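Hello,

Here is the structure I promised to pass on to you. Please have a look at it first, and then read on for my notes.

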Amino acid sequence: KNTIENDFKKSLPELYVEFDPIPVASASIAQVYKATTHAGNIVAVKIRRPHVDRAIASDMKIFRILALIAQIFSGNLRHINLRHILKQLEEWLHAEVDFFNEANNIQNMQDYYQRLAHQESGEYAQAIEFPHVYNELSSQNVLVMSFIEGIPVRKWRDVENNPEYDVEASLKASLVATMRAWMNEEHSLVFHGDPHPSNMLLLP
């Protein structure tokens, strides 16, 4: 609540008709809540944990000290540029917690699969659905997207006998579209960076 109101200088009721205070998902960087906008749209509100950037900086400082000690005692590690590796890791982590960056990535993927991927993937690209990003409700700490109801791929057995779902066709669509995107040199940087079975949903 404090993060949203501080970022937008408005109260929660001014921004949302309904806002469920119990998160629907939680991870190390952020928590996700279900809410309804004044326009009647059901949305997923991803809120960055307070001071997570400070935690990253503190952890990376510890990693650098440990890396220095490890290189003193390991001849093999002296042949690796650990300082460069840790610098790159820190840059990736800071990029991951910047929700402006995430919103831009979602839009890029959506644009690619809707406008370009169908040339190579046809029906497979069109079968993939991406959440709409509500930029007017998003900030560096808050990312608001359409709430998509679906079954996580890891629970595919729950719907394998449900005639409303076609698990095989859904998985084929996502895999074929993704692989063809990777094999296309021009657009090889447009892909889902974390496609584990909880981050992809099966839809009817």
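Let me begin with a single residue on the surface: Lys9 is exposed, with a relative accessible area of 69%. Please keep in mind throughout that this is a predicted model. Lys9 belongs to the loop that runs between α1 (2–8) and α2 (12–15). Its backbone is worth a glance as well, since the phi of Lys9 is near 55°, a positive value in a residue other than glycine. His51 also has a positive phi without being glycine, with a value near 65°. You will find His51 in the loop between β4 (42–48) and α3 (52–73).

Now for the overall picture. The protein chain has eight helices and seven strands. Of its 204 residues, 33% are buried. Among contacts with a separation of 6 or more, 55% are between residues 24 or more positions apart.

**Aromatic residues and Tyr33**

Which residues are linked into a cluster by ring pairs? They are Tyr16, Phe19 and Tyr33. The structure holds two aromatic pairs. In the pair formed by Phe19 and Tyr33, the ring centres are 5.5 Å apart and the planes meet at 35°, so the pair counts as tilted. This pair links distant parts of the chain, with Phe19 in strand β1 (residues 16–19) and Tyr33 in strand β3 (residues 30–37), 14 residues apart.

Is Tyr33 buried or exposed? Its relative accessible area is 14%, and because the limit for buried is under 20%, Tyr33 counts as buried. Leaving out residues up to four places away in sequence, Tyr33 touches Phe19, Asp20, Pro21, Ile22, Pro23 and Val24, and also Val43, Ala44, Val45 and Ile47. For one of these, Val43, the C-alpha atom is 8.3 Å from that of Tyr33, with the two positions 10 residues apart in sequence numbering.

There is one more ring to look at: Lys34 lies over the face of Phe147, at 4.7 Å from the ring centre.

**The nonpolar cores**

The largest nonpolar core has 15 residues. Val97, Ile106, Val133, Leu143 and Met145 are the ones with the most contacts inside it. At least two residues of this core come from each of α3, α4 (82–96), α5 (99–116) and β5 (142–146). Which element gives the most to this core? That is α3, with four residues.

Leu143 is a good place to centre your view of this core. Not counting residues up to four places away in sequence, Leu143 touches Ala44, Val45, Lys46, Phe99, Glu102, Ala103, Ile106, Val133 and Ser138. A second, separate core has 14 residues, including Leu15, Tyr33, Ala35 and Val45. Val45 is thus worth selecting in your viewer: it belongs to the second core, and it is also among the residues that Leu143 touches.

**The second largest pocket**

The second largest pocket has a volume of about 190 Å³. Its lining consists of Arg64, Ile65, Ala67, Leu68, Gln71, Asn81, Leu82, Arg83 and Leu86. Both α3 and α4 supply at least two residues of that lining. The largest share, five residues, comes from α3.

**Two further residues**

Leu89 lies in helix α4. At 32% relative accessibility, Leu89 counts as partly exposed. The C-alpha atoms of Leu89 and Met60 are separated by 8.7 Å, although the two are 29 residues apart along the chain.

Phe130 sits in the loop between α7 (123–126) and β5. With a relative accessibility of 16%, Phe130 counts as buried. Where does the chain come back to meet this residue? Setting aside neighbours within four places in sequence, Phe130 is in contact with Met109, Gln110, Tyr113 and Ile148. The C-alpha atoms of Phe130 and Gln110 are separated by 6.2 Å, and the two residues are 20 residues apart along the chain.

Those are my notes. Happy viewing, and do write back with any questions.

Best wishes

Technical notes
Residues are numbered from 1 along each chain as its sequence is written. This is a predicted model: local features need pLDDT of at least 70, side-chain atom pairs count only at pLDDT 80 or more; totals for chains, interfaces and linings use all residues. Side-chain values use heavy atoms; hydrogens and water are left out. Rings of Phe, Tyr and Trp (its six-membered ring) pair if their centres lie within 6.5 Å; planes under 30 degrees apart count as stacked, over 60 as edge-to-face and the rest as tilted. Buried means under 20% relative accessible area, exposed over 50%, partly exposed in between (1.4 Å probe, protein chains only). A charge sits over a ring if NZ of Lys or CZ of Arg is within 6 Å of the ring centre and within 35 degrees of the ring normal. A nonpolar core is a set of buried Ala, Val, Leu, Ile, Met, Phe, Trp, Tyr and Cys residues joined through side-chain atoms within 4.5 Å. Contact means heavy atoms within 4.5 Å. On a 1 Å grid over the protein atoms alone, a cavity is a set of points where a 1.4 Å probe fits but cannot get out, and a pocket is an open set with protein on both sides within 12 Å along at least five of seven lines; lining residues have an atom within 4 Å of a point. Grid points are joined across faces, edges and corners, and a volume is the space filled by probe spheres set on the points.
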